[in-house]
Amino acid sequence: MHILFAGGGTAGHINPALAIAGYIREKHPDAHISYIGTADKLESKLVPEKGYNFRTISVAGFQRKISVENIFKNISAAGKALTSSMTARKILKEIQPDIVIGTGGYVSGPVLREATKLGIKTAIHEQNAYPGITTKMLAPNVDAVMLAMPEAKKHLKLNKVPYITGNPVRQELLRITREQAREKLGIDSDIPVILSFGGSLGAMKINEAVAGLIKWHMTGDKIYHIHGTGKSGYNDFIAKLSDTESSDKVDIREYISDMDICMAAADLVICRAGAITLSELLACGKPSILIPSPYVAENHQFHNAMTLKRIGAAEIIEEKDLSEEKLIDVVSKLIENKSKLNEMSQAAQNGAIMDSNERIYKIIMQLYTNA
């Protein structure tokens, strides 16, 4: 069995592919797994680290905003669209996969289009509530459409019923209890714990608001707070707290490397609304305050966040409305209301799809059987 994955650009497209590939390899150690991505994006680092055969094509998205610079970018993108399809077709004929699976990003477009032309079985997995452009283009023609969130279905033209699979979640997040996590971190079992982060590079607006929140609750010393500033925000964040007395109940980090432990210990999580992060919040049953990034295509993080808001698992603060006063108001109303947090936690658990890997695996095996 030879499975080819195509997807990249961001971790949100790459990690689901790697999770699915890892699950297949567990079930079928002799399965051959390949991956097509771009040479200059994150997949070029992450995929080879996992030991998979990695091939590259050159592709770029089209710019919608009209400007002189973007006109030249679109001319370049048009040229790459032609050459990427030719390169993808050449690779497909060379490696002859049984199934091609796309997980999003511009790179998956030419690979899956050429695969369908060659009669190879194809599937796509969409992580977000609002599908990306590539998913919209591919959905009518692939053999299986897998959606993490059912809301995505209304935005797609489909020729067959899609599968609702959820997003693959890192298994280490599910292997530690709240009590075990707090013991590892040296946190009292009764104190409320807030976990906040804005991404590996950081989010300035979130850092500014969280700094104000920490100053607010440090005076009472009744909340334990873990915050990840991101690479670009650590020094500025520490500077914002310089006029505040230090506290052993505040843990400021540039990067949270033990997210499984910190997530398990938390009573409330403040973060962006990337698809994989939200799936992890649901799987861990964590109430959240979501601050969707306004800088992503199609404003898809807002649509993602609304799926948790609708089921009662999260509150939303749009970045244009974010301030330390607003964040303090929302946090104080939640952290002081244990019954509300418990309701949100239960709603998150009820909304989680815990067997995403197995659902996706079964669909792939069905395609393989019919290949």
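This is a short tour of four helices and their surroundings in a predicted model.

**Stop 1: helix α10**

Start by selecting residues 275–284, which make up helix α10. How many of its ten residues are buried? Nine are, so to speak a mostly covered helix. Color these residues to see the buried set: Ala-275, Ile-276, Leu-278, Ser-279, Glu-280, Leu-281, Leu-282, Ala-283 and Cys-284. Note that Ser-279 and Glu-280 belong to that buried set.

Now add the neighbors. The buried residues of α10 pack against the helices α1 (11–27), α9 (259–265), α11 and α13, and also against the strands β11 and β12. Then step just past the end of the helix: Gly-285 follows α10, and its phi is positive, near 65°.

**Stop 2: α10 beside α11**

Keep α10 on screen and select residues 300–310, helix α11. The two axes lie 10 Å apart, and the helices pack at an angle of about 15°. Because angles under 35 degrees count as roughly parallel, α10 is roughly parallel to α11. The crossing of α10 past α11 is right-handed.

Which residues make the contact? Show side chains for Ala-275, Leu-278 and Leu-282 on α10, and for Asn-304, Ala-305 and Leu-308 on α11. This contact has five nonpolar residues, one polar and no charged.

**Stop 3: α1 across α14**

Next, select α1 (11–27) together with helix α14, residues 356–369. Here the packing angle is about 70°, with the axes 10 Å apart. That angle makes α1 roughly perpendicular to α14.

From α1, display Ala-19, Ile-20, Tyr-23, Ile-24 and Lys-27; from α14, display Asn-357, Glu-358, Ile-360, Tyr-361 and Ile-364. These residues make the contact, and they divide into seven nonpolar, one polar and two charged.

**Stop 4: helix α12**

Finish at residues 324–335, helix α12. If you like a quick geometry check, pick the C-alpha atoms at its two ends: they are 16 Å apart. At 1.5 Å a residue, the twelve residues should span 16 Å, so the distance agrees with the expected span.

Which residues of α12 are buried? They are Leu-327, Ile-328, Val-330, Val-331, Ser-332, Leu-334 and Ile-335. To see what surrounds them, bring up the strands β8 (193–197), β11 (268–271), β12 (288–290) and β13 (314–316), then the helices α7 (204–218) and α13 (338–351). The buried residues of α12 pack against each of these elements. You have already met β11, β12 and α13 as packing partners of α10.

Methods:
Residues are numbered from 1 along each chain as its sequence is written. This is a predicted model: local features need pLDDT of at least 70, side-chain atom pairs count only at pLDDT 80 or more; totals for chains, interfaces and linings use all residues. Side-chain values use heavy atoms; hydrogens and water are left out. Helices (H or I, at least four residues) and strands (E, at least two) are DSSP runs, numbered from the N terminus. The expected span of a helix is 1.5 Å times one less than its number of residues. Buried means under 20% relative accessible area, exposed over 50%, partly exposed in between (1.4 Å probe, protein chains only). Contact means heavy atoms within 4.5 Å. Axes are lines fitted to C-alpha atoms, for helices over the stretch in contact, and angles run from 0 to 180 degrees between N-to-C directions. Angles under 35 degrees count as roughly parallel, over 145 as roughly antiparallel, 65 to 115 as roughly perpendicular and the rest as oblique. A crossing is left-handed if the near helix is turned anticlockwise from the far one by less than a right angle, and right-handed if clockwise. Ala, Val, Leu, Ile, Met, Phe, Trp, Tyr, Cys and Pro count as nonpolar, Asp, Glu, Lys and Arg as charged, and the others, Gly among them, as polar.
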